[in-house]
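Grab a pencil and work through these short exercises with the structure open beside you. Try each task yourself before reading its solution.

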Amino acid sequence: EPTVFPRQFLDLPAINNWFTPVDCPAGDGVCHELKTSYLGRHGSLIVPLEYTRYRPDGDDVDSRKAIAAFECIQAPLSLLLSHISSNDYSQQLYLAQCSLDDLPPDLQADLPAPDFISTLGRGDIYASSIWMGRPPTSTPLHRDPNPNLFVQLVGRKVIRLMKPKQGRHLYDRLRTQMGHAHMRGEEMMVGEERNKLQDSVWNEKDVMGVSASGVEARLEGGDGLYIPLGWWHAVESVGSHTNASVNWWFR
C-alpha cells in the first residue's frame, strides 16, 4: 500500500543548500526561495524543461485547462532560475524528470539515495529524477515501471493514487491518443486526453461514465511517499513559492 513518511527526509543536504526559508502568505505553510548563488554556479548546465504558456483568459484558480502552448525544450539551468525568481505568471518553466546522473557531482552529493530504499526492495535503484518549478505544476494520471520513493524537498504537493485495476480502467476509457501510461509525452500534458483525466481525477467529475476513486497524500518539505509498483497517480503542486521534489525508482 502507498505509505507516507512525514518529515523523514529533512536531513537531505539539498534542502538547506539549494533553498532558503522566506515569509509565506497565510495558509501557505513553510515557503522557500532558490539560493541562486549556489545553484547559479551551474547556470550553463543544459537541463530538460517543460515550457507552458497560459491563455490570457484562463481561470487563475484552475490553470489546468488554460494552456495555450506546451513544449519540451533543452535549455540552460540559468533560464529556470531566472523564471522562478520572476513575477511572470503568463508562462511556466518546469524542470521535469531531470536525471540526477546528469547533475554535476556536487549537486548529486546533495541528494544521496536514502538508505532505507534497501528495506523497501533490493536496494537496486533503477533511475532517479529531480522536479523543480513554481506552482502550478502538474503530472497527469500515469503509472511508473518500478516502485517509487517520492520525496518533497520544499513546497507542497498533492498526490492522488489509484489501485492498478482502477487506474487502468480509468486511463483506458479516457485516453484519446496512442501515448504511454508511463512516459511523460505531449499527449499526457496538453489536449483532450489530459483535460478528461484532470476532470475525472481532480474535479471528481463523471467523464464518459467513468469517475475516479482512490486515496490522496499531501506532502510538505521533508515528507516522503512510497508508491508501490503499478499504482496510478497524479501530482499537483500547490502554494506560491519554489516547489521541488526528488524521486528514486527502484527494484
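Before you start, one cut-off: a residue is called buried when its relative accessible area is under 20%. Also keep in mind that you're looking at a predicted model.

**Exercise 1. Find out whether Y94 and W131 are buried or exposed, and work out which strands their aromatic pair ties together.**

Step 1: Look at Y94. Its relative accessibility is 5%, so Y94 counts as buried.

Step 2: Do the same for W131. Here the value is 8%, so W131 is buried as well.

Step 3: Now check the rings. The rule used here gives a count of six aromatic pairs. One of them is Y94 with W131, a tilted pair with 6.5 Å from centre to centre and 35° between the planes. Why tilted? Planes under 30 degrees apart would be stacked and over 60 would be edge-to-face, so 35° lands in the tilted group.

Step 4: Place the two residues. Y94 belongs to strand β6 (residues 91-99) and W131 to strand β7 (residues 125-133), so the pair ties together parts that are 37 residues apart in sequence.

**Exercise 2. Which residues sit over the rings of Y38 and Y89 with their charged ends?**

Step 1: Start at Y38. The charged end of R41 sits over this ring, 4.4 Å from its centre.

Step 2: Move on to Y89. This time the charged end belongs to R134, and the distance to the ring centre is 4.2 Å.

Step 3: While you're on rings, pick out F5, F9 and F116, which ring pairs link into a cluster.

**Exercise 3. Work out how the buried residues of helix α3 are arranged.**

Step 1: List them. In α3 (residues 77-84), the buried residues are L77, L80, L81, H83 and I84.

Step 2: Look down the helix axis. These residues fall within an arc of 165°, so they line one face of α3.

Step 3: See what they pack against. Their partners include β3 (31-34), α2 (36-39), β4 (46-54) and β5 (67-76), along with β6 and β7.

**Exercise 4. How many residues of strand β9 are buried, and with which strands does β9 pair?**

Step 1: Count along β9 (residues 148-154). Seven of the seven residues are buried, so the strand is largely enclosed by the rest of the structure.

Step 2: Find one partner. β9 pairs with β12 (residues 224-227) in the antiparallel sense over four bridges, and V151 stands opposite G224 there.

Step 3: Find another. Six bridges join β9 to β14 (residues 243-250), again antiparallel, with N148 opposite W249.

How values were computed:
Residues are numbered from 1 along each chain as its sequence is written. This is a predicted model: local features need pLDDT of at least 70, side-chain atom pairs count only at pLDDT 80 or more; totals for chains, interfaces and linings use all residues. Side-chain values use heavy atoms; hydrogens and water are left out. Helices (H or I, at least four residues) and strands (E, at least two) are DSSP runs, numbered from the N terminus. Buried means under 20% relative accessible area, exposed over 50%, partly exposed in between (1.4 Å probe, protein chains only). A charge sits over a ring if NZ of Lys or CZ of Arg is within 6 Å of the ring centre and within 35 degrees of the ring normal. The arc is that of the directions from the helix axis to the C-beta atoms. Contact means heavy atoms within 4.5 Å. Two strands pair if DSSP finds at least two bridges between them.
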